[in-house]
Amino acid sequence: MTMHLNFRSLLLLLRRFYRSEAGMTLPLLAISMVMITGMVGVAIDTARAQLVQSKLQFSLDAAGLAGGSTVSTSSLQTEVQKYLNSNFNGYLGSTVTSTNVTPNTSNTIINLSATAQLPTTFMNALNIPTMTVSATSQVTRAVTGVELVLVLDNTGSMTASAGGSSSKIQALQTAATSLVNTLFSGNPQAGKLWIGVVPFSQAVNIGTGHPTWMNTTYDNTISSMPLATGPGWGSTSWAGCVDARQSGYDVTDDVPTTSTSATLFNQYYWPSDNLNYGSPWNNTPNSTYNSWATPNYKRCNSSGGSCTTTSGVGSCSTSGGHTCTLTSYSYSTLDTTHGGPNDLCPQQVTPMTNVQSTLTTAINSMTAQGDTIISEGLAWGWRMLSPKWQGFWGGTMNSNGLPLAYNTKGMAKAVVLLTDGANTIDNQAHGAYWFLENNRTGSTSSSTAVTKMDTKTLSICNAMKAQGIYVYTIALGTDTTTSSLALLQSCATASNYYFNSPSTSQLSSVFSTIGDSLSNLRVSQ
């Protein structure tokens, strides 16, 4: 009986235990904790992945803007990858595993994508060691419209090499041509890109087709100078170079007007050095340089009292029973490289145009000769961009209303100045400021005159910058002086607008960087 009751009690206890829920709490709690911990781990890894994806998207956008700002797409993939790695910087231990950069055929739209892998923490316990995130972006290259003038050194020192296999003038032609070609290839919108070229040496050649700009009174005065009345001088033989204006107008963009004679331009005229004497020409003849009067010309000579001069060399008087006469004479070859009144006059400027071939032809036709007057190159570069000159240049510029007003929406104005030397003036070469001793710069001291020319150069740069014109400056080669480098740095819009290229091999990269700077980008997607 007792045993029966005990057995029944055991069965009852087992039945109660079976029916009781209190015994399941601990294992259920353990299972729940494992599940909750796993879910939290997954949530943490997912949140980390979202942070990485956000960082990847931001970095890709930034890399697209930075790398895509290069006009040339040849290194676009490399540039984007560089900026992406720099911005992303292994965020949260993740690694960029792929980057794809695809520009369209016109280089105006750039599609970008990137993926990155993030090492997991909690999910690694579930045999999921990494998570992959991705980002896409699209950059639209909206090249800002620009009026650009290339002010390029054509002086004699440009024939030398500078650490490369080519001469400085050849390297300049290659780099400038590449810039023009690249800008046009990346700027398909008509009317958005206008480029002009101003070659300079000791003067600037504006061409002979602007008679209203010229001081005809001075042109007539030239005719009374030694040999100026000889065959062909005037409209048929003047090459187009002009003197620097006086009375402060040499550093302004004032247009030429007959109501203010000082704003008009005088013809460049280099008298034969073997005949230079007295005002207004060089008082110290340099008969070994540009003596273009033929030997059979006999000027009036006062030596020995046999002849005296009257009215310059226009006539001779009889003295001591001797009759002195002017024999016939002629010019030497009337061009810019073989002596004569136009000696060392550089190639004619090319007014702004959107015809690519016109520009590349002009650039590759430049020759290196003469001394250096930077301020004249800059002054004419400014006059090509100044809205005051709208309607003056003729041709394409007139038909397109160029130059446009300052701050025209969607259009910028820029000058690129390249030189391999410093301002120069002496008594050996006639230039836009004549000979040193003529005091056209404001001094007959060589060092003081150069300082004054540097001041004129900086004045023009500052005036352009004050109008919002971007000024890029390039020092080429190793012949530049400390003061000339400082001048170019001061002329530039900012420190990153100044470039020093000691070797010609660096020049293409410099022009490429400038081309990149002229591009404006925006993230479109």
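K413 is buried in this predicted model, with a relative accessible area of 6%. Its salt-bridge partner is E147, and the closest N and O atoms of the two residues are 2.5 Å apart. The pair links distant parts of the chain. E147 belongs to strand β4 (residues 145-153), whereas K413 belongs to strand β11 (residues 411-419). In sequence, 266 residues separate them. E147 is buried too, at a relative accessible area of 1%. Both values count as buried because the cut-off is under 20% relative accessible area.

The structure contains seven salt bridges. Side chains of opposite charge can pair when their charged atoms come close. One such pair lies within helix α2, where R48 and D45 are three residues apart. This spacing separates R48 and D45 by about one helical turn. Their side chains meet at 3.5 Å, N to O. R48 and D45 are both buried.

A salt bridge is also formed by K82 and E79. Here the closest N and O atoms are 3.3 Å apart. Both residues lie in helix α3 (residues 76-88). They are three residues apart, about one turn of the helix. K82 has a relative accessibility of 44% and therefore counts as partly exposed. The range for that class runs between the buried limit of 20% and the exposed limit of 50%. Elsewhere, salt bridges link K168, D420 and D479 in a network.

Helix packing was examined for α4 (residues 168-185) and α6 (residues 356-364). The angle between these helices is about 170°, and their axes are 9 Å apart. The two helices are therefore roughly antiparallel to each other, because angles over 145 degrees fall in that class. On the α4 side, the contact is made by Q173, A176, T177, V180, N181 and F184. On the α6 side, Q356, L359, T360, I363 and N364 take part.

On the surface, V42, L126 and I128 form a nonpolar patch. Together these residues have about 230 Å² of accessible area. V42 lies in helix α2 (residues 25-68). Its relative accessible area is 31%, so V42 is partly exposed. Patch residues need over 30% relative accessible area, so V42 meets that cut-off.

S291 is found in a loop, between β7 (241-242) and β8 (307-310). At 29% relative accessibility, S291 is partly exposed. S291 and P341 are 50 residues apart in sequence. In space, their C-alpha atoms are 9.8 Å apart.

Across the whole protein chain, the secondary structure comes to eleven helices and 14 strands. The chain has 525 residues, and 46% of these are buried. Its accessible surface comes to about 23,600 Å². Carbon and sulfur atoms account for 54% of that surface. Contacts were also sorted by sequence separation. Among those between residues at least 6 apart in sequence, 71% join residues at least 24 apart. The E147 and K413 pair, 266 residues apart, links distant parts of the chain.

Notes
Residues numbered from 1 in each chain as written. Predicted model: local features only at pLDDT ≥ 70, side-chain atom pairs only at ≥ 80, totals over all residues. Heavy atoms only, no water. Patch = residues over 30% accessible without salt bridge, like charges linked within 9 Å, V, L, I, M, F, W, Y side chains within 5 Å. Areas by Shrake-Rupley, 256 points an atom, 1.4 Å probe, with all protein chains shown as cover. Salt bridge = Lys/Arg side-chain N within 4 Å of Asp/Glu carboxyl O. Helix = DSSP H or I, 4+ residues; strand = E, 2+ residues; numbered from the N terminus. Buried < 20%, exposed > 50% of the residue type's maximum accessible area, 1.4 Å probe, protein only. Axes fitted to C-alpha atoms, helices over the stretch in contact; angles between N-to-C directions. Parallel < 35°, antiparallel > 145°, perpendicular 65-115°, else oblique. Contact = heavy atoms within 4.5 Å.
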